[in-house]
Amino acid sequence: MSVLEVRNLTVEFGQRGGAKFRAVDGLSFGLAEGQTLALVGESGSGKSTVVRALSQLVRRRSGEILLDGKPAGRRGSALRAYRHKVQLVFQDPFASLNPMHTVRHHLVRPLSLRQGHVRGPAMESAVHDLLRSVNLTPPEEIAGKHPHELSGGQRQRVAIARALATDPDVLLADEPVSMLDVSIRLEILNLLDRLKRDRRLALLYVTHDLATARHFSSEIMVMYKGEIVERGPSDEVILHPSHPYTQILANAAPDPTATRESLAAAREQRQSARAARTAEHREVAIGTGCRFRTRCTFAMDICAQHPEDIEVGPGHVARCWLYSGAADAAAVP
Ligand code: SF4
């Protein structure tokens, strides 16, 4: 059973002139204990809004969020209880920590929410245990430091420790390594993976990077302009990307075996794909039809209608007319 279940989540923001911008449109998924689900997309796709809506930092227009089968509390103590169980790790560890306070201070507050009666040496010991759990040692020394005395990777470990302090069931990791040095990204992702296994966490890993999504998650959802355009088991989605948008993301992902020649060929391919986006495509208004059609080199007349999810493999669906009987088979990439 899913620890966290999201049904038809829709988030809208007001715009100048009274118009509404739909940042998330009808998102549904389930997240089970011990599972990592990756939400992948470029910036502006709406994935961070999903995280903020799941943390209830932004109001949803419609849809349901269920935690352990019960509707998520929306205010007062019910909301606080929900937030203890559904914790967020932010993208920027420096901005998420208060520069005026020590590491100890950052951890004592959430720890006392969970174990209010604990004080003195018992609290200090709980702080040290948390720091050890994210490999920050010696904890006695780290606890007294301020954020500016730590490296970026250490700061993100403190942010993860703080998220764990309330003993959550669900961790929402919003681009947790994108602001860190390449050299320590893998360490932090491995840490999250270990914590997920040790604590049986349900982990939503939000990223723009398909390669790490494949490595660290069992399932991938690809988001474009507020909707999921492809989802399925990670290997399926990466080895057989079906939606033209996923294919672009997959082509853009760094390939460790790439040679200078293959990189040049891929660059040329991308340039010709860009050139193929005709003025007609660019002028198509978003609102009805496939949202990707202004960028899609395979766009057809039928793409002016909104596509449905179509099964393209075991447990693997793509929201694209190319895979329906309506499309000309010759157009399938
Ligand atoms: Fe391209 Fe049409 Fe598929 Fe949209 S539905 S991705 S425009 S082929």
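The following is a conversation about a predicted model of one protein.

Biologist: To start, how many helices and strands does the protein have?
Modeller: The secondary structure of this predicted model consists of 13 helices and twelve strands.

Biologist: And what share of the residues is buried?
Modeller: Of the 333 residues in the protein, 46% are buried. The protein exposes about 16500 Å², and carbon and sulfur atoms supply 50% of that area.

Biologist: Among contacts between residues at least 6 apart in sequence, what share joins residues at least 24 apart?
Modeller: That share is 64% in this protein.

Biologist: Let us turn to strand E6. Which way do its residues point?
Modeller: Strand E6 covers residues 86-89. Val86 and Leu88 point one way, while Gln87 and Val89 point the other way.

Biologist: Are those four residues buried or exposed?
Modeller: Val86, Gln87, Leu88 and Val89 are all buried.

Biologist: Which strand pairs with E6, and in what sense?
Modeller: E6 pairs with strand E7, residues 170-174, in the parallel sense. The pairing runs over four bridges, and Leu171 in E7 is the bridge partner of Gln87.

Biologist: Now the pockets. How much space lies in the largest pocket?
Modeller: The largest pocket holds about 580 Å³ of space. It is lined by 18 residues, of which Gln87, Arg109, Pro110, Leu113 and Arg162 are the closest to its centre. Gln87 thus appears here as well as in the pairing with E7.

Biologist: Which elements give two or more residues to that lining?
Modeller: Those elements are helix H2 (76-85), strand E6, helix H4 (103-114) and helix H7 (152-164). The largest share comes from H4, which gives five residues.

Biologist: Changing topic, how many cavities of 30 Å³ or more are there?
Modeller: A search of the whole structure finds two. The largest cavity has a volume of about 80 Å³.

Biologist: Which residues are closest to the centre of the largest cavity?
Modeller: They are Cys290, Cys296, Cys303, Cys320 and Trp321, out of the 15 residues that line the cavity.

Biologist: How many disulfides are there in the model?
Modeller: The count is zero; a disulfide would require a pair of cysteine sulfur atoms within 2.5 Å.

Biologist: Why does Cys290 count as buried?
Modeller: Cys290 counts as buried because its relative accessible area is 10%, and the cut-off for buried is under 20%.

Biologist: And what about Cys320: buried or exposed?
Modeller: Cys320 has 8% relative accessibility, so Cys320 counts as buried too.

Notes
Residues numbered from 1 in each chain as written. Predicted model: local features only at pLDDT ≥ 70, side-chain atom pairs only at ≥ 80, totals over all residues. Heavy atoms only, no water. Buried < 20%, exposed > 50% of the residue type's maximum accessible area, 1.4 Å probe, protein only. Contact = heavy atoms within 4.5 Å. Areas by Shrake-Rupley, 256 points an atom, 1.4 Å probe, with all protein chains shown as cover. Pairing = 2+ DSSP bridges. 1 Å grid on protein atoms, 1.4 Å probe; cavity = no way out; pocket = protein on both sides within 12 Å on 5 of 7 lines; lining within 4 Å. Points joined across faces, edges and corners; volume = space filled by probe spheres on them.
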